[in-house]
Amino acid sequence: MIEFGTALRYYKKPEIQKGIVESTKNREVAVRFNQGFGKRPDVLSYESDVLEQVKNKATSFHVSEEIWNNPLQIASNSNKRQLDEIRSGWDLVLDIDCPDWECSKLTTYLFIKALKESGIKSLSCKFSGNKGFHIGVPFEAFPEEFNNQATKDLFPEGPRKIAQYLLYIISNKYVTVEGNNIL
């Protein structure tokens, strides 16, 4: 449970507010409170929105990997076709979170290696705050179409298949498993 004073001191910094708002452009924002998440859909338009949410006891802000024409058009009962119509893209986000710190670092390293060897030049990696990392690949790194289908419409299947491909590369090229042992 995050204390109100701690959250307020952090989120009242202008550079933090600016960074959060810049990262939420055309994205849905899930505002986390100690007791759960806020209403859906939600957006942050102004830096002052961050501080107002914190004054209402927000503890963190979670930004969707999906990019929308207008995130406020999202309806919880939307079907895939309706979501595809209002989605303009998606970033690939790989959440590496292992119970062991060394395992998290090694797994992250292997995923980044597989991405780079697969031709991905634009990626990011950040510590997620516990025992893991978030690896990000921006939507712009992908082709507009794949197998005669708009890449923007390949969510969530596209990221899942990319993750499976990367696991295949890692397990067949970098790691050998014999029984219960990883070599």
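This is a short talk on the pockets, cores, strands and backbone oddities of one protein chain.

Okay, hi everyone. Before anything else: what you see here is a predicted model. So keep that in the back of your mind while I walk you through.

Let's start with the overall picture. The protein chain has six helices and 12 strands. If you put a box around the C-alpha atoms along the principal axes, you get roughly 55 × 40 × 30 Å. Of the 183 residues, 36% are buried. And if you take the contacts with a separation of 6 or more, 63% of them are between residues 24 or more positions apart.

Now, the pockets. How much space lies in the largest pocket? About 1000 Å³. There are 31 residues lining this pocket, and S23, F61, V63, K126 and H134 are the closest to its centre. Several elements put at least two residues each into the lining: α1, which is 4–11, α2 at 14–23, β3 at 58–63, β6 at 92–97, and then β7 and β8. Which element gives the most to that lining? That's α2, with five residues. As for chemistry, the lining of the largest pocket splits into 14 nonpolar, 10 polar and seven charged residues.

Let me stay with two of those central residues for a second, K126 and H134. K126 stands opposite H134 in β8. The strands here are β7, residues 124–127, and β8, residues 132–137; they run antiparallel and are joined by four bridges. Together β7 and β8 make a hairpin with four residues in between, and in that turn G129 has a positive phi of about 105 degrees.

F61 is another of the residues closest to the centre of the largest pocket, and it takes us to a different bit of strand pairing. F61 sits in β3, opposite V31. Strand β1, residues 29–33, runs antiparallel to β3, with five bridges joining the two. These belong to an open sheet of three strands, in the order β2-β1-β3, paired antiparallel. In that sheet β2, which is 36–37, and β3 are the edge strands with a single partner strand each, so one side of each has no neighbour in the sheet.

Next, the second largest pocket. Here we have about 450 Å³ of space. It has 17 lining residues, and nearest its centre are F142, F146, L154, G158 and I162. Helix α6, residues 157–174, supplies the largest share of that lining, six residues. By class, we're looking at 11 nonpolar, four polar and two charged residues.

On to the packing. The largest nonpolar core has 23 residues, and L94 and L115 are the ones with the most contacts inside it. Two or more residues of this core come from each of β6, α5 at 101–117, β8 and α6. The most come from α5, which gives five. What does L94 touch, once you leave out residues up to four places away in sequence? The list is F111, L115, F133, H134, I135, A163 and L166. Yes, that's H134 again, the one closest to the largest pocket's centre along with four others. Apart from that core lies another one of 13 residues, including I16, V21, V29 and V31.

Last topic: backbone geometry. As a reminder, most residues other than glycine have a negative phi, and most peptide bonds are trans. Where are the cis bonds, then? One joins R40 and P41, with omega at about -5 degrees. P41 is in the loop between β2 and α3, the latter being 47–55. Another cis bond joins F155 and P156, with omega at about 5 degrees, and P156 lies in the loop between β10, 149–150, and α6.

Then the positive phi values. K57 isn't a glycine, yet its phi is positive, about 85 degrees. It's in the loop between α3 and β3. Is K57 buried or partly exposed? Partly exposed, with a relative accessible area of 47%. N148 also has a positive phi without being a glycine, near 60 degrees. N148 is in the loop between β9, which is 145–146, and β10, and it is exposed, at 76% relative accessible area.

That's my tour. Happy to take questions.

Terms used:
Residues numbered from 1 in each chain as written. Predicted model: local features only at pLDDT ≥ 70, side-chain atom pairs only at ≥ 80, totals over all residues. Heavy atoms only, no water. Pairing = 2+ DSSP bridges. 1 Å grid on protein atoms, 1.4 Å probe; cavity = no way out; pocket = protein on both sides within 12 Å on 5 of 7 lines; lining within 4 Å. Points joined across faces, edges and corners; volume = space filled by probe spheres on them. Nonpolar A, V, L, I, M, F, W, Y, C, P; charged D, E, K, R; others polar. Core = buried A, V, L, I, M, F, W, Y, C linked by side-chain atoms within 4.5 Å. Buried < 20%, exposed > 50% of the residue type's maximum accessible area, 1.4 Å probe, protein only. Contact = heavy atoms within 4.5 Å.
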